[in-house]
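Open the structure in your viewer and keep the selection tool ready. The stops below say what to select next and what is there.

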Amino acid sequence: SDPQDPDYRLVPHRNFNLINGIHSPDEVDQIQNWEIQESDIFVVTYPKSGTIWMQQILTMIEAKGDVSRTTEHPNAHRVPWIELIGSEKLFNAAPSPRLRVTHLQYKFMPLAIKQKMGKVIYVARNPKDVLVSYYHFHKYATMLETPKDFNDFFEKFMDGKVYGNCWFEHIKTWYAKRDYMNFLYITYEEMIQDLHCMVERICSFLGKDLTEEQIDSVVEHSSFKSMKQNPQANYKTVPDSLLDQKKGTFMRKGTIGDWKNHFTVAQSEKFDRVFQEKMRDLPLNFVWDI
Ligand code: A3P
């Protein structure tokens, strides 16, 4: 295919949509065989749940609060995607601790993490805000189909016809397996409400002993404002062939409850019905508004 004009589109593979041109089904199938070390750390998210935020926080924690690593190297190099083409070579060559990120479902993951090798941090966000953030992302992410309008995207999201597939399925399958892994569950809303406390929780999960000043520095440089100003923390350096910066921005709002500015009453009621039904067996609460 023409590298100037790649043929991006969603291609289902084992009931999960991959993006043609960015992911390879064969390589994704190899991930389960990856050799994992105890020090490996995987951030797992459904898209638009705070992935980039956790990339920043983890880099800052590993650097013990030294900001230079997050200003000199782009987030996707510091904490690369495991599902991208070519990722296994990078992974094998990387020094430990290896920080990685993924939107993949549990079934694709390295078998070793399902036997408590390495660590997993699952970041979840209230799914109405996820939907809104994902809608805006689709308007400028070149590899994703531009929605006709909000309702068009609302229906696609509810049907799981997006990258990441069904939000409910993603969180349920991951959360159900939490006891098989070294697993930390954390929400976007908790990070908004008390980032300092959450950074401490992440440090303690990772066995990192940072001083109070180092933690303060992690928090300071992981704020929405700092990340918006740091081109290496917010995808400002990626080419238009991936993200068309004229049409949007990655660090968009960074708030809780923006869904209220987008959902109609009918959409919200429909969403609530589906949420109640699908989440019946899952004891997870979300903050929808502050
Ligand atoms: P909005 O579109 O609602 O603003 P992901 O990295 O998983 O794609 O998530 C992107 C979302 O996280 C965007 O949400 C973005 O603004 C938000 N985000 C990123 N860094 C943040 C931070 N430091 N504080 C608050 N929100 C942040």
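Two strands pair if DSSP finds at least two bridges between them; helices (H or I, at least four residues) and strands (E, at least two) are DSSP runs, numbered from the N terminus. This is a predicted model, in which local features need pLDDT of at least 70 and side-chain atom pairs count only at pLDDT 80 or more, while totals for chains, interfaces and linings use all residues. Residues are numbered from 1 along each chain as its sequence is written.

**The hairpin**

Select residues 10–13 and 16–19: these are strands β1 and β2, paired in the antiparallel sense over four bridges. Within this pair, Val-11 stands opposite Leu-18 in β2. The two strands form a hairpin with two residues between them.

Now pick Arg-14, in the loop between β1 and β2. Its phi is positive, about 45°, although Arg-14 is not a glycine. Is Arg-14 buried or exposed? Arg-14 is exposed, because 11 other C-beta atoms lie within 10 Å (20 or more would make a residue buried, 12 or fewer exposed, and anything in between partly exposed, with C-beta atoms placed from the backbone).

**The sheet**

Next, show the open sheet of four strands, whose order is β4-β3-β5-β6 with parallel pairing. Which strands stand at the edges? They are β4 (99–102) and β6 (183–187); each has a single partner strand, so one side of each is left without a neighbour in the sheet. From one strand to the next the twist averages 20°.

Add helix α2 (residues 51–62), which packs on this sheet and touches β3, β4 and β5. The direction of α2 makes about 160° with that of β3. Contact here requires C-beta atoms, placed from the backbone, to lie within 7 Å. Axes are lines fitted to C-alpha atoms, for helices over the stretch in contact, and angles run from 0 to 180 degrees between N-to-C directions.

Inside the sheet, select β3 (residues 41–45) and β5 (residues 119–124), which pair in the parallel sense over five bridges. Val-44 stands opposite Tyr-122 in β5.

Just before β4 in the chain order, go to the loop between α5 (87–93) and β4, where Pro-97 is found. The peptide bond from Ser-96 to Pro-97 is cis, with omega near 0°.

**Two crossing helices**

Select α6 (residues 127–140) and α7 (residues 150–158). Their axes come within 10 Å and cross at roughly 115°. The α6 side of the contact is made by Leu-131, Tyr-134, Tyr-135 and His-138, and the α7 side by Phe-150, Phe-153, Phe-154 and Phe-157.

**Later in the chain**

Glu-212 is found in helix α11 (residues 212–221). With 9 C-beta neighbours inside 10 Å, Glu-212 counts as exposed. Draw a distance from Glu-212 to Asp-129: the two are 83 residues apart in sequence and 32 Å apart in space, C-alpha to C-alpha.

Then find Tyr-235 in the loop between α12 (224–229) and α13 (265–278). Tyr-235 has a positive phi of about 65° although it is not a glycine. It counts as partly exposed, with 18 C-beta neighbours inside 10 Å.

**The annotated range**

Finally, select residues 39–282, where UniProt places the feature "domain: Sulfotransferase" in an unreviewed entry. UniProt positions are given in the numbering used here, feature names are shortened, and annotations may be inferred rather than shown by experiment. Over this range the chain is 45% helix and 8% strand, and the end C-alpha atoms are 30 Å apart.

Terms used: Contact = placed C-beta atoms within 7 Å.
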